[in-house]
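Biologist: Please take a close look at one part of this model, and then place that part in its wider setting. I would like the criteria behind each term stated as you go.

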Amino acid sequence: MPRPDAPLPPALVIPTAGPSRRRGAVLRRAVALGAGAALLLAGCVAPKEQATVDPDAPPPAQEPTLGQEGDLEAFYAQDVVWEECGELECATVTAPLSWEDPEQGEITLALRRAVATGGEPLGSLVVNPGGPGGSGYDFVEQATSLFSDRLLEAYHVVGFDPRGVGRSSAVDCGPDEVVDAFLTADPPFESPQDLEDQRRMLREFGEACRESTGALLEHVDTGSAARDMDLIRAVLGEDQLDYAGFSYGTYLGARYAELFPENVGRFLLDAAMDPSVTLDELVVGQAIGFENALTAYVEDCQAARGCPLSGGVESGKQQIAALMDRIQRQPLDTATGDELNATLAFYGIVVTLYDDDFWYLLTAALDEAIRENSGSILLELANAYLGRTTEGTYESNMMIAFQAINCIDHTSPERTFEEIQALADEVAQEAPTFGRDFAAGAGCEAWPVPPRGERGPIEAAGAAPILVVGTTGDPATPYEWSVALAEQLESGVLLTWEGEGHAAYGRSNDCVLDAVDDYLVDGLVPEDGLVC
């Protein structure tokens, strides 16, 4: 079962550990900020990070030639041509496949913008909704209702699909049936042979991605995406980059600030990643975060009428764990005729924990599963998270981009079955309901592309003030990570929202909204440590 995260859309941010209930993947950050509409109709925090086909979008640039002589200046000097794209504007720009060796080839980046509604805009605000794998291109449309009128008057909001994602030069892993088999698989993890089977499955899937994607698969790391953002800054005609990143987007923004501190303008990093934590610390942090969110949900559920969970909070959580064990042994039937296995059930439960506005959906899903032995609502929620249709096809490449980017961004230690079980037992002490689902399983060590570089603290010395926003009840990016990033950044300023859910801007209160708008629009940096 995948381990939840930014983003992406939705989410958020540790390497996957193979396609099993006993391995992990970070839940998209697509629910709290924008996938909500999709969830209500059929959504981690934030925008629904899906890239659907837009008939009004311009085609990718053909036969790019800017880097044939290895000259980066040619990339920076290119003109960006905006075309009407529905009610918004779209464009493509060309970037080097390899920033270290531009002669290796070129890629295209898809951009989309909402023109400022005010008469004298400050410039462009580049946005990223999370993931990795979330579509900034799609997020622009959601930002027009998510961001304040004041912010939309002041800025052209520009989103882009990072390399490997959506409409930009993208990761491809073959037919949907191959992708679906990988993402929804629920193999056992009970023996060393199970571990080897998971590693083989990940290796074979990765090779399919390499065959379909080509050389790009080796260049989808966040460092390269950060360099792409500086190229975007330049072609937009901006001396400095103004930026709003959520969940994984905070790591992308921090990497940019590390590489180009002199080009940092007004930076909002909401629901922050801590770039210094180890992979094990990421696992523990998210497991505890979602355990705390589940505890808050059960308390709220049991305080209302119609809650399917009886007894106290611990009893309620034990009933959820028992349901998951039952589904592990025998998948539930659904109205579509498909079976709901434990991997899909896990997605369906955890996706609702990104925002307390969606807790009522979890209540309905649990009531149906417990009282009627049906997994229809949980399947619907899982499909909304995955961007998956009832036919098993996918609306975007977010989940496979998530896999490819995470596995190139993180070093994954190769452990024995016994060592993984010991870690899972340790995590389960802190997060008894889902702890083992976060910790047990294969890691990215079987991915065919080796990781690039080591993660560590980011100081970004010399950068202008950077606003870091953390939510105390954030399950996907625990509040402590925002505190840590604000402390690491030489110019970091911390704003705290005492609330539940993933990320704060656009879904919290006027205190957060006004503080962020004052900073982005007027350049007024809030007092470090302000609590809303």
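Modeller: In helix α17 (residues 479-488), the buried residues are Trp481, Ser482, Ala484, Leu485, Ala486 and Gln488. Buried denotes a relative accessible area under 20%, exposed over 50% and partly exposed in between, with a 1.4 Å probe and protein chains only. Helices are DSSP runs of H or I with at least four residues, strands are runs of E with at least two, and both are numbered from the N terminus.

The model is predicted: local features require pLDDT of at least 70, side-chain atom pairs count only at pLDDT 80 or more, and totals for chains, interfaces and linings use all residues. Residues are numbered from 1 along each chain as its sequence is written, and side-chain values use heavy atoms, with hydrogens and water left out.

The cover over the buried residues of α17 includes two helices, α8 (248-259) and α9, together with the strands β7 (264-270), β10 (466-473) and β11 (492-500). Contact here means heavy atoms within 4.5 Å.

The three covering strands belong to an open sheet of 10 strands with mixed pairing, ordered β1-β2-β3-β5-β4-β6-β7-β10-β11-β12. Its edges are β1 (83-85) and β12 (530-531); each has a single partner strand, so one side of each lacks a neighbour in the sheet. Two strands pair if DSSP finds at least two bridges between them. Elsewhere in the sheet, β4 (residues 123-128) and β5 (residues 155-160) run parallel and are joined by 5 bridges; Ser124 has His156 in β5 as its bridge partner.

The covering helix α9 leads to the nonpolar core, a term for buried Ala, Val, Leu, Ile, Met, Phe, Trp, Tyr and Cys residues joined through side-chain atoms within 4.5 Å. The largest such core has 156 residues, among which Phe147 and Tyr297 touch the most other members. Helix α9 (residues 279-302) contributes the largest share of this core, 11 residues. Leaving aside residues up to four places away in sequence, Tyr297 touches Leu309, Leu353, Trp359, Leu362, Thr363 and Leu366.

Strand β10 also bounds a loop that holds a disulfide cysteine. A disulfide is a pair of cysteine sulfur atoms within 2.5 Å. The sulfur atoms of Cys407 and Cys444 are 2.1 Å apart and form such a link. Cys407 is in helix α14 (residues 398-409) and Cys444 in the loop between α16 (435-439) and β10, so the link ties together parts 37 residues apart in sequence. Both Cys407 and Cys444 are buried.
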